[in-house]
Amino acid sequence: MSLADKVLKGDVQAAARLITLIEDEGLTPGEESEALKEMEILYAHTGKAYIIGVTGAPGVGKSTLTDNLIGYFRKKEMGVGVIAIDPTSALTGGALLGDRIRMQRHATDPQVFIRSLATRGWTGGLAKAALGAVHVMDAMGKDIILIETVGSGQVEIDIVKAADTTLLVLAPGAGDEIQMMKAGILESADIIAINKADKEGADRLKADLEMMLEMKPQKSGEWKVPIVLTEAVNDKGTAELAEALKKHQDYLKESGGLPERRRERVKLELMETIEADIKNMINNLDNGQLMKRLIDAMEKGKCSPRSAAQEISDRLINREG
Ligand code: GDP
């Protein structure tokens with residue numbers, strides 16, 4: 001039985017293997033075609049899951065909150081997939097495993113599939129890998145897929161924006177809201193959770209955010225971003241948050257916004273895939289010698305970046321022609 005067939009039957013090991021293949025695509029030559037072949041089969045079985053992007057600065061409580069949401073959805077008998085995008089620590093070279101550790105509560109539940117993707121210090125292909133993992137979990141039959149990321153890099157921002165619903169998590173005293181606003185995340189948030197509501201300043205932060213949101217002109221019938229107070233460590237506010245997520249899902253269905261979001265996601269995936277493919281092609285021109293020769297020439301000042309790029313484009317066009 002192919003990996004794809006096993007995934008369609010809900011086989012967790014096959015799903016994990018396939019996600020690894022997708023993640024390694026482009027890094028290990030030769031394995032690409034295998035992942036591609038399996039994904040071609042799976043693609044026709046996707047599009048059913050509801051995708052939620054969870055973002056916020058490190059330490060605000062995303063993982064604890066995600067863990068609570070998993071518990072909530074499981075009580076409703078829904079299958080849940082989680083993709084945790086771990087920033088790779090430059091010091092340790094490894095992914096921060098905190099996310100997975102905090103979600104251990106559900107590790108033995110066969111209806112919960114949690115997978116970490118490391119950024120590995122390179123952003124290329126991250127969106128492709130994350131969305132690939134979404135397809136695998138979707139094809140497995142997961143009803144809800146949560147993508148958790150700190151949302152600091154552009155690619156991570158693109159990923160959360162490409163979700164059906166974007167949940168921004170803030171905490172009092174962290175002062176992230178200004179940072180998030182600058183990064184444009186605040187304006188793409190569909191729901192805001194103020195976590196650590198047990199701490200001082202939560203109500204104040206809520207009032208500040210409400211004021212900020214009210215400055216945005218609101219069209220009639222347009223979604224109004226709700227702000228939900230949560231205490232993730234005490235599993236407080238989880239039901240309210242889940243209800244807000246459901247309301248947004250209903251709103252998207254009624255307003256016709258859902259296909260629009262999904263179209264954005266497809267576009268992002270296409271662009272990322274094209275980018276990865278073209279980079280691969282370029283790196284393989286003359287078995288990698290062309291890149292080496294052009295970089296050497298540029299280093300010595302014998303060739304400008306523009307003319308090097310032109311030579312590469314010409315070669316790619318001729319290759320295809
Ligand atoms: P993440 O980095 O955003 O995923 O945050 P975590 O979920 O790992 O939480 C970071 C820390 O904040 C942990 O020590 C949690 O126990 C703690 N934490 C999470 N939620 C709350 C909360 O509601 N109140 C308080 N006081 N601490 C919390």
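The following paragraphs describe the nonpolar cores, a central group of strands and the aromatic pairs of this predicted model.

The interior may be taken as the starting point. The largest nonpolar core comprises 43 residues, and Leu146 and Ile192 have the most contacts inside it. For Ile192, the contacts beyond its neighbours within four places in sequence include Leu167, Leu168 and Leu170. Leu186, Leu209 and Leu213 are also in contact with Ile192, as are Val225, Pro226, Ile227 and Val228. Apart from this core lies another, made up of 36 residues, with Ile85, Phe113, Met137 and Ile145 among them.

Strand β2 spans residues 80-86, and seven of its seven residues are buried. The burial concerns both faces of the strand: Val80, Val82, Ala84 and Asp86 are buried on one side, and Gly81, Ile83 and Ile85 on the other. Ile85 thus appears both in this buried strand and in the core of 36 residues.

The pairing of β2 with other strands comes next. With strand β3, residues 112-118, β2 pairs in the parallel sense over seven bridges. Within this pairing, Gly81 has Phe113 of β3 as its bridge partner; Phe113 is also one of the residues of the 36-residue core. Strand β4, residues 144-149, likewise pairs with β2 in the parallel sense, here over five bridges. In that pairing, Ile144 of β4 stands opposite Val80.

The aromatic rings complete the description. A pair of aromatic rings is described by the distance of the centres and the angle of the planes. The model has two aromatic pairs. In one of them, the ring centres of Tyr72 and Phe73 are 5.9 Å apart and the planes stand at 80 degrees; because planes over 60 degrees apart count as edge-to-face, this pair is edge-to-face. Both Tyr72 and Phe73 are buried.

The other pair consists of Trp223 and Tyr251, whose ring centres are 5.4 Å apart and whose planes lie at 40 degrees, so this pair is tilted. Trp223 is located in the loop between α10 (202-214) and β7 (227-229), while Tyr251 belongs to helix α11 (residues 238-255); the pair therefore ties together parts that are 28 residues apart in sequence. How do the two residues stand with respect to burial, buried or partly exposed? Trp223 has a relative accessibility of 18% and so counts as buried, because the limit for burial is under 20%. Tyr251, at 23% relative accessibility, counts as partly exposed.

Technical notes. Residues are numbered from 1 along each chain as its sequence is written. This is a predicted model: local features need pLDDT of at least 70, side-chain atom pairs count only at pLDDT 80 or more; totals for chains, interfaces and linings use all residues. Side-chain values use heavy atoms; hydrogens and water are left out. A nonpolar core is a set of buried Ala, Val, Leu, Ile, Met, Phe, Trp, Tyr and Cys residues joined through side-chain atoms within 4.5 Å. Buried means under 20% relative accessible area, exposed over 50%, partly exposed in between (1.4 Å probe, protein chains only). Contact means heavy atoms within 4.5 Å. Helices (H or I, at least four residues) and strands (E, at least two) are DSSP runs, numbered from the N terminus. Two strands pair if DSSP finds at least two bridges between them. Rings of Phe, Tyr and Trp (its six-membered ring) pair if their centres lie within 6.5 Å; planes under 30 degrees apart count as stacked, over 60 as edge-to-face and the rest as tilted.
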